[in-house]
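Me: I have a two-chain model open and would like to talk it through. Can we start with one pair of residues and work outwards?

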Amino acid sequence: MEALLRPRIMLSLTIILIPIFLFISGASSHQIRINNAERRIDLSTHIVKVFLTLKVENTGKTSASEILLAFPPTQVDHLAFLEALAATGKKKKKTYVSLAVKPTQLPDAPNETNYYTIVLANPLNTGETATLEILYILTHSLEPFPVEISQSESQLVYYRDSALILSPYHIKQQTTFIKIPSNKVESFTRVEPTDRAGNELKYGPYEDRPPYSYSPLLVHFENNNPFSVVEELVREVEISHWGNLQITEQYKLAHAGARHKGIFSRVDYQSKPAFSGVSSFKHLLARLPPRVHSVYYRDEIGNISTSHLRADSWKISELEIEPRYPLFGGWRATFVIGYGLPLEDFLFESSDGRRYLNFTFGCPLVETVVDKLTIKVVLPEGAKGPSAVVPFPVEQRLETKYSYLDVVGRTVVVLEKKNVVPVHNIPFQWNDLNILFWGSKMEKKKRNSLLVMLVD
Amino acid sequence: MVGKTESQNGAVKATAAPAMNLESDLFSNFSFKSFKLKTKQQELLLRVSILGLVYILAFITRLFSVLRYESMIHEFDPYFNYRTTLFLTEKGFYEFWNWFDSESWYPLGRIIGGTLYPGLMVTAAFIYWTLRFLRFAVHIREVCVLTAPFFASNTTVVAYFFGKEIWDSGAGLVAAAFIAICPGYISRSVAGSYDNEGVAIFALLLTFYLFVKAVNTGSLAWALASAFGYFYMVSAWGGYVFIINLIPLYVLVLLITGRYSMRLYVAYNCMYVLGMLLAMQIRFVGFQHVQSGEHMAAMGVFFLMQVFYFLDWVKYMLSDTKLFQAFLRITVTSAVAVGALALGVGTASGYISPWTGRFYSLLDPTYAKDNIPIIASVSEHQPTAWSSFMFDFHILLFLFPAGLYFCFKKLSDATIFIVMYGLTSMYFAGVMVRLILVATPAVCLISAIAVSATIKNLTSLLRTKSKTAVAGSSKGTGGSKASSKASFDQSQPFQKNGAIALLLGAFYLLSKYATHCTWVTSEAYSSPSIVLAARGAHGNRVIFDDYREAYFWLRQNTPPDAKVMSWWDYGYQITAMGNRTVIVDNNTWNNTHIATVGRAMSSYEDEAYEIMRSLDVDYVLVVFGGVTGYSSDDINKFLWMVRIGGGVFPVIKEPDYLVNGDYRVDKGAAPKMLNCLMYKLSYYRFGELVTEYGKPPGYDRARGVEIGNKDIKLEHLEEAFTTSNWIVRIYKVKPPNNRW
């Protein structure tokens, strides 16, 4: 009940605040108007994906180069990924241009609303319109209710949002679609017009809503998809000058759904798989780069024999792993995956003699949230001056590691990021995004090969 | 996928060995041709290269387990050793020495530093630290897994020197080769079998070798080395008691047979006094050398030595033999009287502790069965079957008497020692299966003498023949009597052929031994027993990894302070792999505590609940093989739980669980059996499961019967986890019901 109350208070506060806000910063919000907003919220897995299409129009006098996106504070903490694209061209020849997005603080934000600024590629002149495609991903936003379930029950979750898009702009027309994994919906808030068809809820269309309109929305539905959350992932990428790239990934996996309560019966689990432990999961799929070799899968007490590898030299290799036991809500498992990759696929030399490594940043597990990701790039002994280029903010520091026959130790570049999602699977994402880049400065005479540098 | 990296490691080692062989072969060939080494040098080169090959062989033959499974710790006790070694490398020696382990024997705890033999852990940690210092970034687990094979390799070198000392270098080489692949030793020293015995056999043989060397030379230095060898042995294994009893016995025999010498006096006194003082530094042993009945023989012989020496001196001083005879009588009588009196007073006053049960059970094999069920219940404490002698020794069993014959033919201080070692250890091997291990070095050495002596005789026969044939001389040069005699004989070719046939026969036997050893190692002794492997219906390999599944579940999904009750066999594994507190474990120091667990397992559920509440038990773990047909499960061990429980708590009576002396679990089983906790926990909801096609539900595959109680209801416990093949079942103890 408390949770329901909060949005209400927020709403009322918003309504009070709106006129004040309008007076203060009339200029920017008056200038832009959203003609049509369509929001599709995908709740089919535990990673909430929101696709937002905005048709914006500049109704002001001067040209505008920035568009603001507003998020309630509850969502901002769970916002793992945000990307904006500008669509140009007609239907068939539509091309997308990626736009820079940066967090922004506004001094007079109502109710601690957080903002992100989308910088348009071409400033929007008076009377012009533009179409923006925005994708953002929320993690840990489905709240299991009941909090504890037994083996025979299926998992029900809450999703909270606003039926009206929170925006500092006036929205002329807006619609929200919510996609649910199955058609089992316990309850959902009605904000007329509201419609339900199968596994999709439709809110809207709503006409002419003033800025900062808010209407709480609560959907209670069944979601038995694996709530696999890696609480901590440490990926160690070790560059060997013998032509190998050794990756070691240490996982702390948890089932973040409704907690398992009471007995675990193996008879039921084995004989009635459709009715028993439906929200539990026992398989995980990891997508590894092509030409992967020497894969191992183990934990603190030894090898785990339940895994299958479909290795491929051209395509992505798939590693299917099973933890030692099926994971029920609240259960944990730790394990290590390690594999080798040919170095020539990842290490390149630039014209100024620096070498750089192109490597994906995220977690290879499919449909998995990583709460805290640490990536450690172990450079060969003697490498100097590394730098990392990552397209999103990360914490960065240097360490030293001693491995086989090391004298001075190897430089380790440590990058840390919280709340990582597998954005690889999203169709309109572009390639350079998840690339880690490092170079190591060498003296001029030792330019010729990496090996020379290491021998020294 | 399974153990891929480990297999590769293994493969690298395996390939490295032939490469080295090749290298040494090349080297020796090369040197033979170009440098024309003298015979002695050639022999030395040959000897060193053979020994080097044997050293490598001993190591690689023990890697089957790594290749077949993975680089992992095996069985039960090694898990405790691994856990303590981990602690030692992480926290340092001081912390290790003062470690009070609250995770086992709840609520009593265990003083680890004072109740273990630290030799193994310190050795592994030392190897680990050395490798780390040399910048080899190895994991401590790898060191622990390979410690036993490494020490087995070292044992071959000691066996070589020992064989050389008691016979000749040929016998030494054969002994080294024998012991490198002898299944009796391999059973305790495969990679992963990280147990005390792994290093202890090395220490045992080293101590014996150094002592014999000291007796042969009379050198204080060797005696000192032997004392240090003894110290290492004491620090590594409780089997040091064998040394401290065998050596005095040997000295006594030498004294009786009139082989007393100054050399013996120096060797024994130095070894005993220093060895004793050093051994006292091990906290687990403490003052036992002067206070325990098992060590009194050594002390008695020590004093007897002094008496002998004194008498020698008196004899030297007194020229009159009659006077000396009288003096001798008085002295010996009074010495024996004083000794007996001291022993009597010591024992009566409790200063000298009486013999322990384990020691008794060695001397009287039926003792444990009647009095100490906890010792009798251990499978490795059972009397040895003939088949396991054959299995572990193969041809050595026949060569052993032959070797004894050769030893008796050429009696010396050294051969007397090996004969005594061989005979006593063979007796102990007959009493307890696990003591085959102690007998193995002696059997290998004595058999090596037989093989070496026989082959030497036969080849010299052949050589003299050929020489006489070439030179045409009628005399055998330097041959044995028989051969020189034979050279006169008319039936020369027949004898020659006979020798060739015998040699071929010997080589056939030896090659059979080698194949047998390899087969036994790969098939029988390389299973980690944590991971069970079976053949599937299509001939594929099926792995049952249920133990680790359960232990890892405990580790991840139970509160960190949860107490787990299980039969003591699994205690070490639960603490090491599951990282949870256990009530009892494989260190069976407190019989009452184990009996309490046995009592809980054999009581009705509500009685057991009271016991479990009193022990703060949160989870109960049972091992059940009814689904897979795994026979060493808790139902099959259950009678021992009843016996051990009944030994302390007379309310538990074995006949209650038997029907006409039969132990059964089907419909005809005793009612108490069908309703005791162990039965309920093992078979809970098993009645709903069809295990085998064409059999009724609830068919127990391990015992081949349909269970008698299919409708099991649990009141105070609930199923918390069952592994995928049902081998391990974990139950949660519910909190007590609200009273109103």
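**Across the interface**

Reply: Sure. Glu300(A) and Arg555(B) meet through their side chains in a salt bridge, at 3.6 Å from N to O. A salt bridge here is a side-chain nitrogen of Lys or Arg within 4 Å of a carboxyl oxygen of Asp or Glu.

Me: How were these values made?

Reply: This is a predicted model: local features need pLDDT of at least 70, side-chain atom pairs count only at pLDDT 80 or more, and totals for chains, interfaces and linings use all residues. Residues are numbered from 1 along each chain as its sequence is written, chains are lettered from A and ligands numbered from 1 in the order in which they are written, and side-chain values use heavy atoms, with hydrogens and water left out.

Me: How many salt bridges are there between chain A and chain B?

Reply: Four salt bridges.

Me: And how many residue pairs are in polar contact across that interface?

Reply: The rule finds 17 residue pairs, both residues at pLDDT 80 or more. A polar contact is a pair of N or O atoms within 3.5 Å; within protein, one must be able to donate a hydrogen and the other to accept it, and residues adjacent in sequence count only if both atoms are side-chain atoms.

Me: Which strand of chain A gives the most to the side that touches chain B?

Reply: Strand 20 of chain A, with five residues. Helix 4 (266-271), strand 20 (293-299), strand 21 (302-303) and strand 24 (332-342) of chain A each supply at least two residues of that side. Helices (H or I, at least four residues) and strands (E, at least two) are DSSP runs, numbered from the N terminus.

Me: How many residues does each chain bring to the contact?

Reply: Chain A brings 32 residues and chain B brings 34 residues. Contact means heavy atoms within 4.5 Å.

Me: What area is buried between them?

Reply: About 3,200 Å², with 53% of it from carbon and sulfur atoms. Buried area is the accessible area (1.4 Å probe) that two parts lose on being put together, summed over both. Arg266(A), Ile301(A) and Asn303(A) supply 20% of what chain A buries against chain B, more than any other three residues.

Me: New topic, sheets. What is the strand order in the three-stranded one in chain A?

Reply: The order is 19-23-22, in an open sheet with antiparallel pairing. Two strands pair if DSSP finds at least two bridges between them.

Me: Why is one side of strand 19 and of strand 22 left without a neighbour?

Reply: Strand 19 (284-288) and strand 22 (307-310) of chain A stand at the edges with a single partner strand each, so one side of each has no neighbour in the sheet. Five bridges join strand 19 to strand 23 (residues 317-321) of chain A. Ala286(A) stands opposite Leu319(A) in strand 23 of chain A.

Me: What about the sheet in chain B?

Reply: Five strands of chain B form an open sheet in the order 6-5-7-11-10, with mixed pairing. Strand 6 (581-582) and strand 10 (717-722) of chain B are the edge strands. Strand 10 pairs with strand 11 (residues 728-733) of chain B in the antiparallel sense over five bridges. Tyr731(B), in strand 11, is the bridge partner of Glu719(B).

Me: Back to salt bridges. How many does the structure hold over all chains?

Reply: It holds 55. One of them joins the side chains of Arg410(A) and Glu238(A) at 2.8 Å, N to O.

Me: Where do those two sit?

Reply: Arg410(A) is in strand 31 (residues 410-420) and Glu238(A) in strand 16 (residues 228-240) of chain A, 172 residues apart.
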